Amino acid sequence: MMNSRDWMDEAFANYEKQGGLKDLPGKGKPLDVSSGDALSGVLKEANYLPAWLELQHTIRNQIRALVQQMDQGKQEIGEEQFEQINRIIRKYNQLVPNSLLQKGFVSKAHIKEQLAKWE
């Protein structure tokens, strides 16, 4: 019985033998890897964002919205809103590939300074 990896390898080999890879755009040319990391370059070309980067955008947008609410003074900002953002930051800090990318938690007293760190 053939496992799925063997089956996929065989299917790819057959496709290659039948000339399926002959006319690919960029064939024989080096990959443009601006970051120095081949995997990151390929993922960038595929418009793929890792989960930690998606969280980074989400956190930044939520902090911006909170600062706008505070500046407008329309709504009393409760601690639960900061806790919600801080829970996402905790998850972000667990997912980042390097501890140097980890960020601190937000607080009402220093939210504008903290927003600058997320920009």
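The protein chain has five helices and zero strands, where helices (H or I, at least four residues) and strands (E, at least two) are DSSP runs numbered from the N terminus. Reading from that end, the elements go α-α-α-α-α. Keep in mind that this is a predicted model: local features need pLDDT of at least 70, side-chain atom pairs count only at pLDDT 80 or more, and totals for chains, interfaces and linings use all residues. Residues are numbered from 1 along each chain as its sequence is written, and side-chain values use heavy atoms, with hydrogens and water left out.

**Confidence**

- The chain averages a pLDDT of 83, and 86% of the residues score at least 70; pLDDT is the predictor's confidence in each residue, from 0 to 100.
- Among the elements, helix 4 comes out with the highest mean pLDDT (93), while helix 2 (residues 38-45) has the lowest (71).

**Surface and contacts overall**

- Of the 119 residues, 21% count as buried (buried is under 20% relative accessible area, exposed over 50%, partly exposed in between, with a 1.4 Å probe and protein chains only).
- The accessible surface comes to about 9,400 Å², and carbon and sulfur atoms hold 53% of it; the areas come from the Shrake-Rupley method with a 1.4 Å probe, and for residues only the protein chains shown count as cover.
- Take the contacts (heavy atoms within 4.5 Å) between residues at least 6 apart in sequence: 52% of them join residues at least 24 apart.

**The aromatic cluster**

- There are two aromatic pairs in the structure; rings of Phe, Tyr and Trp (its six-membered ring) pair if their centres lie within 6.5 Å, and planes under 30 degrees apart count as stacked, over 60 as edge-to-face and the rest as tilted.
- Trp 52 and Tyr 92 make a tilted pair, because their planes sit at 55°, with the ring centres 6.3 Å apart.
- That pair ties together distant parts of the chain, since Trp 52 is in helix 3 (residues 51-72) and Tyr 92 is in helix 4 (residues 79-95), 40 residues apart.
- Both rings belong to buried residues: Trp 52 has 17% relative accessibility, and Tyr 92 has 0%.
- Ring pairs join Trp 52, Tyr 92 and Trp 118 into a cluster.
- Lys 103 lies over the face of Trp 118, 5.2 Å from the ring centre; a charge sits over a ring if NZ of Lys or CZ of Arg is within 6 Å of the ring centre and within 35 degrees of the ring normal.

**Ile 77, in a loop**

- Ile 77 sits in the loop between helix 3 and helix 4, and at 6% relative accessibility this loop residue counts as buried.
- Leaving aside neighbours within four places in sequence, Ile 77 is in contact with Leu 66, Gln 69, Met 70, Phe 82 and Lys 108.
- Of those partners, Leu 66 is eleven residues from Ile 77 along the chain, with 7.9 Å between the C-alpha atoms.

**Two helix residues**

- Gln 114 is in helix 5 (residues 111-118), and is buried with a relative accessible area of 14%.
- Not counting residues up to four places away in sequence, Gln 114 touches Phe 105, Val 106 and Ser 107.
- Thr 58 is in helix 3 and, at 33% relative accessibility, counts as partly exposed.
- C-alpha to C-alpha, Thr 58 and Ile 85 are 9.2 Å apart in space, with their positions 27 residues apart in sequence.
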